[in-house]
Amino acid sequence: MKCISIIAYILFIASNFQLSAQQFPDLVNAKDSSRYVYTFIKGDTLLYESISRDSILIDKQPPLLRDRKERFLLSCDSVGPQGRMYLSQRMIDITSSEYAGISQIIDRKHHEWKNVKISFIIDSTGKRYGFSAEDSSTAMLSPGSAFQPLMLQYLGNGYHLINSGWIAEDTVDVPEFGIPAPMIRYLSSMRARPIFDTLDFTCSQFESTISAQGTYQTKTQSGQQLRTNAVIAGYARMAMSETLHIPIHFFGTSENKNTMLIETSKGKADQKVRHYVTTNITLQKMVSKRGTYGPVPKTKSSPAKKSKIKKKR
């Protein structure tokens, strides 16, 4: 009799739990989902502004601190029959200030990376299929060095419920950061976030926590082999236009533990370097067959406004 009472009590608790689950469903609504894709069409030209800070530590030397402000153009040269987008990128302006310890601040307004055009091919998920550079014979690095937060990363496929997570992994060559192109192999833990309004756009957004390894190999001016290996830990947050599917704002930060290996006449030598970098990339203007956007107003944007896209006449 006692056993029957226990069973009845368990069934009563289970039925109450099922009723409660029906009355109070999961906070995530099945209709509340986003699909993250890139969409560029032929002729698209987008002007971005990048504001970054670097902190570089070498052995026991005072850390080198650098503030950078760059502007670059991202253009879609063509779209292939399989929907692959042929993009080109070129930095058109840079100003930077740097100092170490109690040294004077050094201001710079030029960099060898300025006006260097690189190209790469992606599909709507961000998967890469090739790259090139106008002059691949001259080795050089972008102002942020070989391993920076990557804006156009692989997104994975399908729709994702808001606040749900998924895994994206890839091995990519990133000519945006240098020639020869550095290679980064990463695994990204992605998470969908709610739709919101920013910079006069209604945007879907996602976050990613990244673990990666990077390699950059080149020769010094004296002909010595130089190889840099990096262990990378990073975090990024992206806001993308819900209607245009282009990046509106990107925030990224990473900690890079670099080991620089150089072959000398006396053998191999190595140098440990830590590079901390934080960057904010914001769309300033877009010219496209789909319309023209920009520039971003200087005042704070008001919430819940429709995207202001001016159609061409």
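His245 counts as partly exposed, at 22% relative accessibility (buried means under 20% relative accessible area, exposed over 50%, partly exposed in between, with a 1.4 Å probe and protein chains only). This is a predicted model: local features need pLDDT of at least 70, side-chain atom pairs count only at pLDDT 80 or more, and totals for chains, interfaces and linings use all residues. Residues are numbered from 1 along each chain as its sequence is written, and side-chain values use heavy atoms, without hydrogens and water.

**Backbone features**

His245 sits in the loop between S14 and S15. Strands here are DSSP runs of E with at least two residues, numbered from the N terminus. The phi of His245 is positive, about 60°, although the residue is not a glycine. Ser145 also has a positive phi, near 75°, and is not a glycine. Ser145 belongs to the loop between S8 and strand S9 (159-161). With a relative accessible area of 26%, Ser145 is partly exposed.

A further feature concerns a peptide bond. Ile179 and Pro180 are joined in the cis form, with omega about -5°. Pro180 is placed in the loop between strand S11 (178-179) and S12. Most residues other than glycine have a negative phi, and most peptide bonds are trans.

**Internal cavities**

How many cavities of 30 Å³ or more does the structure hold? There are two. A cavity is a set of points on a 1 Å grid over the protein atoms alone where a 1.4 Å probe fits but cannot get out; lining residues have an atom within 4 Å of a point. Grid points are joined across faces, edges and corners, and a volume is the space filled by probe spheres set on them.

The largest cavity has a volume of about 330 Å³. It is lined by 24 residues, and Phe72, Gln89, Gln148, Glu176 and Phe177 are the closest to its centre. Strand S2 (45-58), strand S3 (64-79), strand S4 (85-100) and strand S16 (267-288) each give two or more residues to this lining.

The second largest cavity holds about 180 Å³ of space. Of its 15 lining residues, Gln148, Pro149, Leu150, Ile210 and Ile232 are the closest to the centre. Two or more residues come from each of strand S12 (183-198), strand S13 (201-219), strand S14 (225-241) and strand S15 (247-264). S14 gives the most to this lining, with four residues.

**The largest pocket**

A pocket is an open set of points with protein on both sides within 12 Å along at least five of seven lines. The largest pocket offers about 630 Å³ of space. It has 25 lining residues, and the closest to its centre are Leu141, Ser145, Leu226, Thr228 and Met260. S2, S3, strand S8 (140-141), S13, S14, S15 and S16 supply at least two lining residues each. S13 provides the largest share, three residues.

The table sorts the linings by class. Ala, Val, Leu, Ile, Met, Phe, Trp, Tyr, Cys and Pro count as nonpolar, Asp, Glu, Lys and Arg as charged, and the others, Gly among them, as polar.

| Lining | Nonpolar | Polar | Charged |
|---|---|---|---|
| Largest cavity | 13 residues | seven residues | four residues |
| Second largest cavity | 10 residues | five residues | no residues |
| Largest pocket | 13 residues | nine residues | three residues |

**Rings and charges**

The structure holds five aromatic pairs. Rings of Phe, Tyr and Trp (its six-membered ring) pair if their centres lie within 6.5 Å; planes under 30 degrees apart count as stacked, over 60 as edge-to-face and the rest as tilted. Tyr48 and Phe72 form a stacked pair, 5.5 Å centre to centre with 20° between the planes. This pair links distant parts of the chain, with Tyr48 in strand S2 and Phe72 in strand S3, 24 residues apart. Both Tyr48 and Phe72 are buried. Elsewhere, ring pairs tie Tyr36, Trp166 and Phe206 into a cluster.

Two charges also meet rings. Arg84 lies over the face of Tyr129, 3.6 Å from the ring centre. Lys127 lies over the face of Tyr154, 5.2 Å from the ring centre. Such a charge has NZ of Lys or CZ of Arg within 6 Å of the ring centre and within 35 degrees of the ring normal.

**Glu70**

Is Glu70 buried or exposed? Glu70 is buried, because its relative accessible area is 9%. Glu70 is in strand S3. Its side chain makes a polar contact of 2.3 Å with the side chain of Arg68. A polar contact is a pair of N or O atoms within 3.5 Å; within protein, one must be able to donate a hydrogen and the other to accept it, and residues adjacent in sequence count only if both atoms are side-chain atoms.
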